[in-house]
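This briefing goes through one protein model with a bound ligand. Please keep the sequence and the structure in view while reading.

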Amino acid sequence: MMNTPDLADANIRAVVTDIEGTTTDIRFVHDVLFPYAHDQLPEYVNTHSAQPDVAEQIDAVRRELGDPDASLDSVIETLLYWIETDQKKTSLKALQGMMWADGYQRGAFQGHLYADVAPRLRQWAEAGKKLYVYSSGSVQAQKLLFGHSVEGDLTPLFSGYFDTHIGHKREIKAYRHITAELGLPAASILFLSDVVEELDGARQAGMQTLQLVREGTQAGAEHASVASFDEIDL
Ligand SMILES: CSCCC(=O)C(=O)COP(=O)(O)O
Ligand SMILES: [Mg+2]
């Protein structure tokens, strides 16, 4: 047991969870999902560039580049660089979700979840807690990961999903927007993440916070922390 908080008195009504490093091994994201998207991206963008949802993201990349006439090759080069440097760009995240859909559907991989995650999520849902996801991965990517997880389809447990369209994960305003969407007092919402800067944002918006310190994660002293969902009693 680590620096476990007493959440029992907080009357937690909703849990908002990060994915990478919290429910899911960072290595699954970096060693499986990102390389898959990196390999597929040139051909995917070239062959789907006329498809409206793909064209929308290509235009968003051109806007980021400040060059509305940027060639498709330079858009692809930019997207590959963003994957290599793990940039949480909304347009890249949308395209990654589209490419991963194919990988999940043909069984190339399943969404990794730590063994302690699914039992606790089920228990909280049964106890009437509302469950949400907030990740830099697109909402489509989040649904795919939980829908094709190593524990089966967990999407019925969740009441909603948030990605960077609501704001970036280190910004206080993102957590204020999520609180407004949930229609609950911020103090009754628990945010789970491995990243201290994300927890800082949530706390400044009034949420309860808890850091997941998985293998390889650096624990900070700023937030209560646990090593697994087993240690979280709501
Ligand atoms: C939704 S699975 C892919 C995760 C991803 O693309 C990512 O950037 C991880 O971000 P998180 O906010 O979950 O740390
Ligand atoms: Mg994380």
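The points below cover the domains, the ligand shell, the sheet and the helix packing.

The model is a predicted one. Its protein chain is divided into domain 1 (8–24 + 111–231) and domain 2 (29–105). Ligand 1 is surrounded by 16 residues, and each of the two domains supplies at least three residues to that shell.

**Domains**

- Domain 1 is made of two segments, 8–24 and 111–231, while domain 2 is the single segment 29–105.
- Between the C-alpha centres of domain 1 and domain 2 the distance is 26 Å.
- Where the two domains touch, domain 1 contributes 13 residues and domain 2 contributes ten residues.
- On the domain 1 side of this contact, nine residues are polar, two are nonpolar and two are charged.

**Shell around ligand 1**

- The closest of the 16 residues around ligand 1 are Ile19, Glu20, Ser135, Ser136 and Gly137.
- Three elements each give two or more residues to this shell: α1 (26–48), α4 (90–105) and α6 (139–147).
- Of the elements, α6 gives the most, with three residues.
- By class, the shell around ligand 1 holds six polar, five nonpolar and five charged residues.
- Both domain 1 and domain 2 take part in the shell, with at least three residues from each.

**The sheet**

- Six strands form an open sheet with parallel pairing, in the order β3-β2-β1-β4-β5-β6.
- The edge strands are β3 (160–162) and β6 (225–226); each has a single partner strand, so one side of each lacks a neighbour in the sheet.
- At the β6 edge, strand β5 (residues 208–212) pairs with β6 in the parallel sense over two bridges.
- In that pair, Ser225 of β6 stands opposite Gln211.
- Helix α8 (residues 196–204) packs on the sheet and touches β4 (189–193) and β5; the direction of α8 makes about 170° with that of β5.
- Strand β1 (residues 14–17) and strand β2 (residues 130–134) are joined by four bridges and pair in the parallel sense.
- Leu131 in β2 is the bridge partner of Val15.
- At the β3 edge, β2 and β3 run parallel and are joined by three bridges.
- Phe162 in β3 is the bridge partner of Tyr134.

**Helix packing: α1 with α3**

- The axes of α1 and helix α3 (residues 72–84) come within 10 Å and cross at roughly 170°.
- The two helices, α1 and α3, are therefore roughly antiparallel to each other.
- From α1, the contact uses Phe34, Ala37, His38, Leu41, Pro42, Val45 and Asn46; from α3, Leu72, Val75, Ile76, Leu79, Leu80 and Ile83.
- By class, this contact of α1 with α3 has eleven nonpolar residues, two polar residues and no charged residues.

**Helix packing: α2 with α3**

- Helix α2 (residues 52–65) and α3 have axes that come within 10 Å and cross at roughly 80°.
- This crossing makes α2 roughly perpendicular to α3.
- Ile58, Val61, Arg62 and Leu65 on the α2 side meet Val75, Thr78 and Leu79 on the α3 side.
- The residues of the contact of α2 with α3 are five nonpolar, one polar and one charged.
- Val75 and Leu79 of α3 meet residues of α1, and Val75 and Leu79 also meet residues of α2.

Notes
Residues numbered from 1 in each chain as written. Chains lettered and ligands numbered in written order. Predicted model: local features only at pLDDT ≥ 70, side-chain atom pairs only at ≥ 80, totals over all residues. Near = placed C-beta within 6 Å. Nonpolar A, V, L, I, M, F, W, Y, C, P; charged D, E, K, R; others polar. Domains from an automatic or database assignment. Pairing = 2+ DSSP bridges. Contact = placed C-beta atoms within 7 Å. Axes fitted to C-alpha atoms, helices over the stretch in contact; angles between N-to-C directions. Parallel < 35°, antiparallel > 145°, perpendicular 65-115°, else oblique.
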